[in-house]
Structure formats: C-alpha cells, structure tokens
Amino acid sequence: MIGTSRALLLDVGGVLVLPRHETVAAALSTAGARYDPSRLDAAHYAGVAAIDEPDVTADDRSAVYRAAFVEMLEVSPARRASASGALADAFRSPGAWSRPGHGAVELLLACAAHEVSVGIVSNWDGTVARLLAEAGICQLGPGPLPRVEVIVDSAVVGWEKPDPRIFRVALDALGIEPARAVHVGDSVRADVDGAVAAGVAPIHLDPLGRCPRADHAHAVDLLEVAGLLGLIVPTAPAEMA
C-alpha cells in the first residue's frame, strides 16, 4: 500500500527540520557543558523516543526531551541541568529549528517528479509555513522552492496530532482518501498513532532504531522514505569539466 500512495503527509520537527547545530553549541557553551558534536542530530531522536514513553505526561515532555537530548550528547551529569535550561531558551529562539533534515529537499523533488501530492501536518505555533520557506525547504504553490499543496499548522486549525482531525484537514485539501496517503513523522505518539487513527499508513522516521513496535514501517532518513514509496530521487547534474 505504501508504494502505491499518491499523497505524502510530512511532519516538520525532526523530519523536514532539526535544531541548528550552531544554536545548540552556543547554548551548551553558555552552560559550560562539553558534548559530543557528532551526536547533535541523534540527540533530537533520543529526545523524541524518550517523550514517546507511555508514562510521560504532556506537562513533562519538554523537560524529558531535553534530558534525553543532553544525555545523548554525553554532557557530564554535573552540567546536565544547566545545559537543559540553556537549551530550553535556545529552542525558542528565532531560527533554532531550521537545519534541513537529511534528504528533505530531495524527497520533495522526487514527489514532484512522480506527481505525488505533498501536504505538511505539524504541531507548531502558527509560523511553520514561514519557517519552511525561510529554511529553503518548501513553499505553498509555485515558486523557486519545492512545492507543497497544503500546510496544516496545529495552532492555526486548533487540533494537534494525534487528533485525526488535523490529518483530515490535509487530506480534504488534497482531495485524497486516507488509504491513498502516507504520513512520515518521528513520534509514535503523535505521528504513528495519529496517522493510524486517521486511516493513513505511517512511516516512522527512527534513525536510532529505538522503536520496539513492528506494526508500522520505519526509515532511517527521508531518502529511505523515498525508496519505500518507490520514488527515484533526482541526482544533481555532473559539473562540466
């Protein structure tokens, strides 16, 4: 079913964008924390896996995410509390979430080449359309960036994933039945369970391989997602000698 889908729904945080390395580095420097820079992207997925645990409440998710984030970076236990506090401020700063996810633009170009409609479904604060355009990832309608047909921001429509209604807003805008769509996200709680509730097949972006469930598809990055969808990713033309 995934390989015959004609619409792709995409999460934003952890899928199309990740925290900027410079933002994280500056925050950790302020906290006097040493860390492993090779784990900067992995730290996000460790954080998401931590908040997907069933006993984590909505009120605790931000702190749990940051605790797992700094642990993955191998920040010393003595510096983790101050590092977490510094990251809380940093993640709210403009442009903090603007590092393109691996394969993001390539996947969007592949969808365009294969006439697969694309919609964005994100739990965000009302600014996600601007964020994606400013990060050079995609835009609504025609223009210089890869095109998406609809951007659904939870703060605008009033529903958050995993509520299936947020997915239905996107599906209605695309004119696609749920069975013909796939949703890609990095959270079991929000993305996988929400997509299933809406009748949409999920692909869990799980680079660390921490998801224990076998009832849905997994991918390590968006290039693997393209493969699961049967899309050929365009390659850049070779430079002329």
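This predicted model holds 0 disulfides. C111 is in no disulfide, and the nearest cysteine sulfur, that of C138, is 11 Å away. A disulfide is a covalent bond between the sulfur atoms of two cysteines. For a pair to count here, the two sulfur atoms must lie within 2.5 Å. C111 is buried, with a relative accessibility of 0%. C211 also counts as buried, at 15% relative accessibility.

Turn now to the sheet. It is open and has 6 strands, in the order β7-β4-β1-β8-β9-β10. The pairing is parallel. Strands of a sheet pair through backbone hydrogen bonds, either parallel or antiparallel. Which strands form the edges? They are β7, residues 150-153, and β10, residues 217-219, and each pairs on one side only. From one strand to the next, the twist averages 20°.

Two of the pairings can be followed residue by residue. Strand β8 covers residues 181-185 and strand β9 covers residues 201-205. They run parallel and share 4 bridges. Within this pairing, V184 has I203 of β9 as its bridge partner. Elsewhere in the sheet, β4 and β7 also pair in the parallel sense, over 4 bridges. There, V121 finds its bridge partner in V152 of β7.

Although β7 is an edge strand, both of its faces are covered. V150 and V152 lie on one side, I151 and D153 on the other, and all are buried.

Next comes a helix that sits against this sheet. Helix α8, residues 164-174, packs on the sheet and touches β1 (7-10), β4 (117-122), β7 and β8. The direction of α8 makes about 155° with that of β4.

Which residues of α8 are buried? They are P164, I166, F167, A170, L171 and L174. An α-helix has 3.6 residues a turn, so residues three or four places apart point the same way. The buried residues of α8 cover an arc of only 160° around the axis, which puts them on the same side of the helix. On the other side of α8, D172 and A173 are exposed. The cover over the buried residues includes β1, β4, β7, α7, β8 and α9 (188-197).

Both ends of α8 have a backbone feature to look at. Before the helix, in the loop between α7 (154-157) and α8, sits P162. A cis peptide bond joins K161 to P162, with omega at about 15°. Just after α8, G175 takes a positive phi of about 70°.

Positive phi also turns up at two residues that are not glycines. One is E74, with a phi of about 60°. E74 sits in the loop between α3 and α4. E74 is partly exposed, with a relative accessible area of 48%. Another is E115, with a phi of about 55°. E115 lies in the loop between α5 (104-113) and β4. Is E115 buried or exposed? At 67% relative accessibility, E115 counts as exposed, because the cut-off for that class is over 50%.

The two helices on either side of E74, α3 and α4, bring us to the aromatic residues. The structure holds 4 aromatic pairs. In one of them, the ring centres of Y65 and F91 are 6.0 Å apart and the planes stand at 65°. Planes over 60 degrees apart count as edge-to-face, so the Y65 and F91 pair is edge-to-face. Y65 lies in helix α3 (residues 61-72), and F91 lies in helix α4 (residues 80-91). The pair therefore ties together parts that are 26 residues apart in sequence. Both Y65 and F91 are buried.

F91 also pairs with F69. Here the centres are 5.5 Å apart and the planes are at 75°, so this pair is edge-to-face as well. F69 belongs to α3 and F91 to α4, so the contact ties together parts that are 22 residues apart in sequence. How accessible are these two rings' residues? F69 is buried, with a relative accessible area of 0%. F91 comes out at 15%, and counts as buried because the cut-off is under 20%. Y65, F69, F91 and W97 form one aromatic cluster.

Conventions. Residues numbered from 1 in each chain as written. Predicted model: local features only at pLDDT ≥ 70, side-chain atom pairs only at ≥ 80, totals over all residues. Heavy atoms only, no water. Pairing = 2+ DSSP bridges. Axes fitted to C-alpha atoms, helices over the stretch in contact; angles between N-to-C directions. Contact = heavy atoms within 4.5 Å. Phe/Tyr/Trp six-rings, centres within 6.5 Å; stacked < 30°, edge-to-face > 60°. Buried < 20%, exposed > 50% of the residue type's maximum accessible area, 1.4 Å probe, protein only. Arc of directions from axis to C-beta.
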